[in-house]
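Here are some short exercises to work through with the coordinates open beside you. Try each task before you read its solution.

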Amino acid sequence: MIGSITETKRILDKYNLQAKKKLGQNFLVDGNIIHKIIDQINLSKEDGVVEIGPGIGAMTEILLRQAEKVLCYEIDKDMVEVLSRELTKGNLLIKQEDFLKADLISDLKNFKVNQRIVVVSNLPYYITTPIIFKLLEEETSIEEFYFMVQKEVGLRLTGKPKTKDYNSLSVLISFQAEANLLFEVKRNSFYPVPDVDSVIISLKKTGKDYGVNNRDKFIEFVQNIFAMRRKTIINNLMAKYSFSRKELVDIMSSQGHKETLRAEELSVKEIVELYKAFVF
Ligand code: SAM
């Protein structure tokens with residue numbers, strides 16, 4: 001079993017390796033947590049799994065037993081060597097690649113399984129959000145994602161309206177997916193021990209079409225209305241666009257909103273409606 005502190009240290013020693021901080025290498029060394037994460041996915045023997053950043057394979061080893069096939073993306077060639085030597089290769093495909101540069105759509109054409117494909121990742125913290133948005137935006141058959149992320153980021157990714165964690169990131173995620181925080185993972189479940197605790201979150205694509213024609217402008221609008229948390233939507237918009245206060249008050253009231261409204265009070269649907277009321 002790879003997911004223990006002694007086994008992790010033994011494997012690193014065997015290959016004369018140390019965890020590389022710049023690649024976000026904090027390995028999971030708590031077998032209970034590894035099983036708890038994988039239990040959440042409810043894998044069947046006909047499912048496929050895409051794992052990003054398998055490291056020495058703490059989760060991969062179990063995924064291989066429970067799923068039909070596992071496709072891993074690992075940037076570090078040293079880890080790729082460990083994986084290909086330590087794990088049974090039958091249903092494992094390893095790509096030594098930066099996942100952000102990977103051509104997921106074409107890779108999945110060669111990764112056929114009978115049932116669903118899910119993504120599982122103890123994400124390298126320094127590129128958490130770009131990886132999540134790449135996965136949500138690319139048009140693949142994958143609809144379910146399970147991520148380990150820094151606690152603070154996880155709270156924001158899954159933030160709900162009218163709570164302190166709700167911000168532009170929460171809106172842009174729930175624009176595309178249903179996000180849930182599953183459970184917390186304390187920092188001492190990793191080797192080396194990081195400076196922060198983590199959480200496991202799940203994302204399920206909703207496939208909902210809000211009819212937003214210009215995505216980039218919408219993203220910018222969402223970021224702008226949340227730019228200064230304590231400011232009203234009107235004040236935030238005045239700082240970014242050339243609308244007069246009167247024009248903004250009129251648009252807000254056409255949507256039934258008061259002048260003093262703050263972005264955190266609005267649901268995603270209400271934000272989309274407000275956005276559509278503007279002509280930029
Ligand atoms: N999954 C392992 C575990 O839970 O023990 C390791 C998790 S560690 C937090 C993150 C892993 O992602 C490391 O193995 C690191 O080398 C890899 N990684 C970092 N940046 C990556 C990238 N851009 N693409 C693919 N893998 C990356």
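**Exercise 1: Salt bridges**

The structure holds 19 salt bridges (a side-chain nitrogen of Lys or Arg within 4 Å of a carboxyl oxygen of Asp or Glu). This is a predicted model, in which local features need pLDDT of at least 70 and side-chain atom pairs count only at pLDDT 80 or more, while totals for chains, interfaces and linings use all residues. Residues are numbered from 1 along each chain as its sequence is written, and side-chain values use heavy atoms, with hydrogens and water left out.

Task: find the residue that forms a salt bridge with Asp197, and locate both partners.

Solution. Step one: the partner is Lys186, with the closest N and O atoms 3.8 Å apart. Step two: place the two residues among the strands (DSSP runs of E, at least two residues, numbered from the N terminus). Lys186 sits in the loop between β7 (177-185) and β8, and Asp197 in the loop between β8 and β9, so the pair links distant parts of the chain, eleven residues apart.

**Exercise 2: Unusual backbone**

Task: work out which peptide bond is cis, and where its proline lies.

Solution. Start from the general rule: most residues other than glycine have a negative phi, and most peptide bonds are trans. A cis bond joins Tyr191 and Pro192, with omega about -10°. Pro192 is in the loop between β8 (190-191) and β9 (198-205). For phi, look at Asn42, which is not a glycine yet has a positive value of about 55°. Asn42 belongs to the loop between α2 (31-41) and β2 (48-52).

**Exercise 3: Two domains**

Task: describe the contact between domain 1 and domain 2.

Solution. First, take the bounds, which come from an automatic or database domain assignment: domain 1 is 5-205 and domain 2 is 215-277. Their contact (heavy atoms within 4.5 Å) takes 13 residues from domain 1 and 15 residues from domain 2. Next, the C-alpha centres of the domains lie 35 Å apart. Then consider buried area (the accessible area, with a 1.4 Å probe, that two parts lose on being put together, summed over both). The domains bury about 1,100 Å² between them, 69% of it on carbon and sulfur atoms. Tyr166, Leu172 and Phe175 supply 44% of the area that domain 1 buries against domain 2, more than any other three residues. Finally, count the salt bridges between the domains: zero.

Notes:
Helix = DSSP H or I, 4+ residues; strand = E, 2+ residues; numbered from the N terminus.
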